[in-house]
Amino acid sequence: MTSSESTPIVKLDSVTVSMNGKTVLDDINLVIGPGVHTGIIGPNGGGKTTLLKVILGLIPPDRGTVQLFGHLNPGETSPKGMVGYVPQKCVVDPRFPVSVFDVVMMGRYGPLGLFRRPGKKDRDVAMENLQKVEMEKFADRPIGHLSGGEQQKVFIARALCSSPQLLILDEPTTGVDVQSQDQFYRLINQLKIELGLTVIMVSHDVGMITSYIDDLVCINQRVFIHGKSPDVLSEKILQETYGCEVEMIFHGHFPHRVIDQHNPEETE
Amino acid sequence: MEILALEFMQRAILAGLILSVVCSVVSVYVVLKGLSFIGVGIAHSAFGGVALGALLGLNPIGTAMVFSVGVAWLIGLASKRGQLSEDATIGIFFPVAMAFGVICIGFQEGYTVDLFSYLFGSILAVGRQDLWLISLLGLLVLFFIAGFFKELLFFIFDEELARVNGIPVTFIFYMLLTLIAITVVVSIKIVGIILVSSLLVIPGSASYLLTHRFNWMMVYSVLIGTGSTMVGLAISYKFDLAAGATIVITSAFVFLVCLIFAPKRSKALS
């Protein structure tokens with residue numbers, strides 16, 4: 001489990017959320033400390049995105065409390081700008097008439113506050129963050145002309161513009177080809193180290209996600225496990241989370257193929 | 001061109017100029033946020049306000065303003081609550097408001113307000129007071145848009161993310177609806193209730209086809225909207241046609257030209 005003497009970045013106590021009469025999150029207890037890279041996995045409809053929205057204060061829990069940076073009721077009271085949020089890609093209309101640079105600049109609007117116009121300092125911050133994700137050459141391109149992976153990098157640059165302490169990413173590699181996914185996770189890890197971020201990342205990609213993250217949370221309405229990856233990742237845990245039999249195929253440090261043996265007699 | 005020396009014509013041109021600028025700017029937001037049908041709904045609901053005002057002996061434009069803003073907020077509220085789909089909600093609100101207006105007219109004894117001019121516009125009957133009101137309210141709308149420019153952009157681009165980033169999205173949403181309602185009501189003078197929604201849709205739609213940059217879309221929208229209004233006015237004078245209708249047809253023609261010759265849009269976007 002994560003341990004930290006200082007204020008946890010995220011703390012959920014007995015959080016329960018129901019939508020349309022169905023329980024989406026059931027008695028969630030979660031503590032995420034500073035500087036930790038947490039990966040959240042689980043099946044579709046298991047509440048991963050809802051969990052992120054609860055942390056962000058977009059959805060109030062029916063029961064339980066949510067604390068963000070030690071503040072109760074995020075969304076109402078938490079200092080804005082301390083969280084950089086990269087939502088799932090499909091939300092945005094790609095034909096919207098904005099350039100890559102315009103999109104990143106939007107990340108400065110929150111910190112600027114009302115009635116202030118973006119100035120040179122804001123433009124410099126935006127360009128700096130574009131460079132961090134290696135997308136500065138695309139600055140003048142319409143956002144709709146970029147590939148899925150390129151757009152995601154732009155959205156990360158945007159999220160960095162408020163100098164956040166917490167970066168939350170929801171399925172950031174949807175629509176990104178397999179080779180680029182690894183690059184992508186590496187970039188996020190780099191940024192985390194360089195900027196001292198706490199990162200929470202939801203991903204479908206069980207195998208790759210475990211290569212870069214510190215902690216793993218398996219969620220399907222309930223938290224099945226929360227602990228140091230990869231120790232916690234076993235077939236048993238995955239089966240309980242996903243509710244079905246699982247075959248694990250690993251990249252990187254792990255053996256290439258690990259199959260859960262259902263029938264002892266078969267191993268001969 | 002002695003016609004230009006005549007005061008009513010000068011006021012018509014001035015009113016047309018101011019209103020087309022305001023409508024074209026608002027049109028960009030209406031088109032990008034998908035509020036076209038809300039615009040239609042608000043416009044038709046204004047009829048209820050006009051009739052009520054006439055019945056009570058108040059300034060019809062004043063009552064129309066209050067009525068339209070009220071309806072706009074109700075539509076906003078209903079669409080956020082999500083019980084019924086947004087277009088169904090609008091489809092219920094505006095006929096009811098219009099029906100209410102018709103009943104009000106039924107109660108009127110004696111002199112009845114000139115319905116036709118409210119339904120189809122009467123730009124050639126813009127009085128001095130009207131011009132003051134149009135200028136003041138037009139400037140007010142532009143002032144708010146300029147003041148909240150970046151918040152509005154973020155809101156229409158990605159509402160949820162804007163909220164996470166500290167943008168007061170609820171305020172911005174209702175402010176936008178209010179600005180649309182005000183714009184609609186003052187513009188009734190040029191093209192009337194039936195056609196006013198076109199001024200909120202055509203300039204923005206045409207400029208959308210021409211550029212990938214938001215600021216340029218705003219500029220093109222104003223050029224197209226204002227150009228169409230002035231040219232439409234001139235044509236209607238020359239051939240003795242209804243001014244409001246001619247303006248709408250002219251702007252539709254410009255839209256067609258943009259559609260056919262759209263430079264960047266012809267490339268399919270990924």
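In this predicted model, B:Val26 touches five residues when those up to four places away in sequence are set aside: B:Val141, B:Leu179, B:Ile180, B:Thr183 and B:Leu200. B:Val26 also belongs to the largest nonpolar core, which has 159 residues. Within that core, B:Val26 is among the residues with the most contacts. The others named with it are A:Val104, A:Ile168, B:Ala46, B:Ile180 and B:Val185. B:Ile180 thus appears twice, as a contact of B:Val26 and as a core residue with many partners of its own. Helix H9 of chain B, residues 169-208, gives the largest share of this core, 21 residues.

The two chains also meet directly. On chain B, 22 residues are in contact with 27 residues of chain A. Three helices of chain B give two or more residues each to this side: H7 (149-157), H8 (159-164) and H10 (214-238). By class, the chain B side divides into 10 nonpolar, 6 polar and 6 charged residues.

Chain A has 7 helices and 10 strands. Of its 268 residues, 45% count as buried. Among contacts in chain A with a separation of 6 or more, 64% join residues 24 or more positions apart.

Helix H1 of chain A spans residues 48-56. Of its 9 residues, 8 are buried, so the helix is largely enclosed by the rest of the structure. The buried set includes two lysines, A:Lys48 and A:Lys53. A:Thr50 is buried as well. The remaining buried positions are A:Leu51, A:Leu52, A:Val54, A:Ile55 and A:Leu56. Just after this helix, A:Gly57 takes a positive phi of about 85°.

Helix packing was examined in chain B. Two packed helices are described by the angle between their axes and the distance between the axes. Helix H3 (residues 60-81) and helix H4 (residues 86-107) of chain B pack at an angle of about 155°, with their axes 9 Å apart. An angle over 145 degrees counts as roughly antiparallel, and therefore H3(B) is roughly antiparallel to H4(B). Their crossing is right-handed. From H3(B), the contact is made by B:Val71, B:Leu74, B:Ile75, B:Ala78 and B:Ser79. H4(B) supplies B:Glu86, B:Thr89, B:Ile90, B:Phe93 and B:Ala97. By class, this contact has 7 nonpolar, 2 polar and 1 charged residues.

Notes
Residues are numbered from 1 along each chain as its sequence is written. Chains are lettered from A and ligands numbered from 1 in the order in which they are written. This is a predicted model: local features need pLDDT of at least 70, side-chain atom pairs count only at pLDDT 80 or more; totals for chains, interfaces and linings use all residues. Two residues are in contact if their C-beta atoms, placed from the backbone, lie within 7 Å. Helices (H or I, at least four residues) and strands (E, at least two) are DSSP runs, numbered from the N terminus. Ala, Val, Leu, Ile, Met, Phe, Trp, Tyr, Cys and Pro count as nonpolar, Asp, Glu, Lys and Arg as charged, and the others, Gly among them, as polar. A residue is buried if 20 or more other C-beta atoms lie within 10 Å of its own, exposed if 12 or fewer, and partly exposed in between; C-beta atoms are placed from the backbone. Axes are lines fitted to C-alpha atoms, for helices over the stretch in contact, and angles run from 0 to 180 degrees between N-to-C directions. Angles under 35 degrees count as roughly parallel, over 145 as roughly antiparallel, 65 to 115 as roughly perpendicular and the rest as oblique. A crossing is left-handed if the near helix is turned anticlockwise from the far one by less than a right angle, and right-handed if clockwise. A nonpolar core is a set of buried Ala, Val, Leu, Ile, Met, Phe, Trp, Tyr and Cys residues joined through C-beta atoms within 7 Å.
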